[in-house]
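Here is a set of exercises to work through with the model open beside you. Try each task before you read its solution.

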Amino acid sequence: MDFDQQIQALVDYAPQDGQTPNLVRTIAPALKSLASKLQHPEYFVLQTLEQRWLVTTLNNRQQSNIEKRVVYAFPTPEDAMQMPGADDPQLVALPVPVIHILFQMMSLKTVDSTVFFETPGQRATGVEIGCKDVQQFIRTYLQRLQAELQPPSDIA
C-alpha cells in the first residue's frame, strides 16, 4: 500500500464525526514527509490479541530512575518474533502501515517513541522517532499552513 492509499484508509476508517477525516486529509502531507524518511511502507508490530501494541519500558543504564516507553516496529514478522517475550501465545506480529503508526503516535500518551528497525535480521540499530517529535512536526506544519492561508495584511 503506498502512502496515498494508507492516508485514504485512515480517512475511510476514521470516526465520521465531521472533523477527523478532514484532519487526516489536512495533515497528510506532513505524515507522508515523515514516512518518506523511513525505508518500509509497513512495519510489523507485536500486539496482543486485543490489538494493543506491545510497549517496552527501557531503563537508563547510568540513571536507573529514568525510563522511557517504546514501541518496536520491525521490517519482517520474523524479526518481530525474535523479541524477548514474543513467544507468548497472546502476542502476534501484525503488519501496520507506516502512516498509521505515525498517526497513532500523535495520540499515544503512555509511549515516548517508536523504534523503526530498517534492516531485516539487524536489531542493533534502528531509527527512533519520539511521539513528541511527531506532535511538534505536525503542529509546525499546521502553523505554516495556517500562515499560508492568511491573506496578506497589506491588502488594500
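For sorting residues, Ala, Val, Leu, Ile, Met, Phe, Trp, Tyr, Cys and Pro count as nonpolar, Asp, Glu, Lys and Arg as charged, and the others, Gly among them, as polar. The model is predicted, so local features need pLDDT of at least 70 and side-chain atom pairs count only at pLDDT 80 or more, while totals for chains, interfaces and linings use all residues. Residues are numbered from 1 along each chain as its sequence is written, and side-chain values use heavy atoms, with hydrogens and water left out.

**Exercise 1. Get your bearings**

Task: work out how many helices and strands there are in the chain, and from the N terminus on, in what order the elements run.

Solution. Begin with the rule: helices (H or I, at least four residues) and strands (E, at least two) are DSSP runs, numbered from the N terminus. Counting that way gives five helices and six strands. Walk along the chain from the N terminus and you read α-α-β-β-β-α-β-α-β-β-α. Then draw a box along the principal axes: the C-alpha atoms fill roughly 65 × 40 × 30 Å. Last, burial (buried means under 20% relative accessible area, exposed over 50%, partly exposed in between; 1.4 Å probe, protein chains only): buried residues make up 37% of the 156 residues.

**Exercise 2. Pair up the strands**

Task: find which strands pair in the antiparallel sense and which in the parallel sense.

Solution. Two strands pair if DSSP finds at least two bridges between them. Take β1 (residues 42-48) and β4 (residues 91-97) to begin with: they run antiparallel over seven bridges. To check the register, look at Q47, whose bridge partner in β4 is V92. β1 is also mostly covered, with five of its seven residues buried. Next, β2 and β3 are antiparallel over four bridges, and T56 has V70 as its bridge partner in β3. Finally, β3 and β5 pair in the parallel sense over four bridges; here V70 finds its partner in S113 of β5.

**Exercise 3. Size up the cavity**

Task: say how many cavities of 30 Å³ or more turn up in a search of the whole structure, and which residues line the largest cavity.

Solution. On a 1 Å grid over the protein atoms alone, a cavity is a set of points where a 1.4 Å probe fits but cannot get out; lining residues have an atom within 4 Å of a point. Grid points are joined across faces, edges and corners, and a volume is the space filled by probe spheres set on the points. The search finds one cavity of 30 Å³ or more, and the largest cavity has a volume of about 40 Å³. Its lining is L46, L54, T56, Y72, F74 and M83. Sort that lining and you get five nonpolar, one polar and no charged residues.

**Exercise 4. Follow the rings**

Task: start from Y72 and F74, and ask which aromatic cluster they belong to.

Solution. Rings of Phe, Tyr and Trp (its six-membered ring) pair if their centres lie within 6.5 Å; planes under 30 degrees apart count as stacked, over 60 as edge-to-face and the rest as tilted. The whole structure holds four aromatic pairs. One of them is Y72 with F74, which is tilted at 6.2 Å centre to centre and 45° between the planes. F74 also pairs with F117, this time stacked, at 5.2 Å and 15°. F74 sits in the loop between β3 (67-73) and α3 (77-80) and F117 in the loop between β5 (113-116) and β6 (127-130), so this pair ties together parts 43 residues apart in sequence. Now check accessibility: Y72 is buried at 16%, F74 at 1% and F117 at 6%. Put together, Y72, F74 and F117 form one aromatic cluster.

**Exercise 5. Buried or exposed?**

Task: decide whether α4 is largely enclosed or not, and whether Q51 is buried or exposed.

Solution. In α4 (residues 98-105), seven of the eight residues are buried, so the helix is largely enclosed by the rest of the structure. Those residues are V98, I99, H100, I101, L102, F103 and M105. Q51, in the loop between β1 and β2 (56-59), is exposed at 57% relative accessible area. Look at its backbone too: Q51 has a positive phi of about 65° although it is not a glycine.

Conventions: 1 Å grid on protein atoms, 1.4 Å probe; cavity = no way out; pocket = protein on both sides within 12 Å on 5 of 7 lines; lining within 4 Å.
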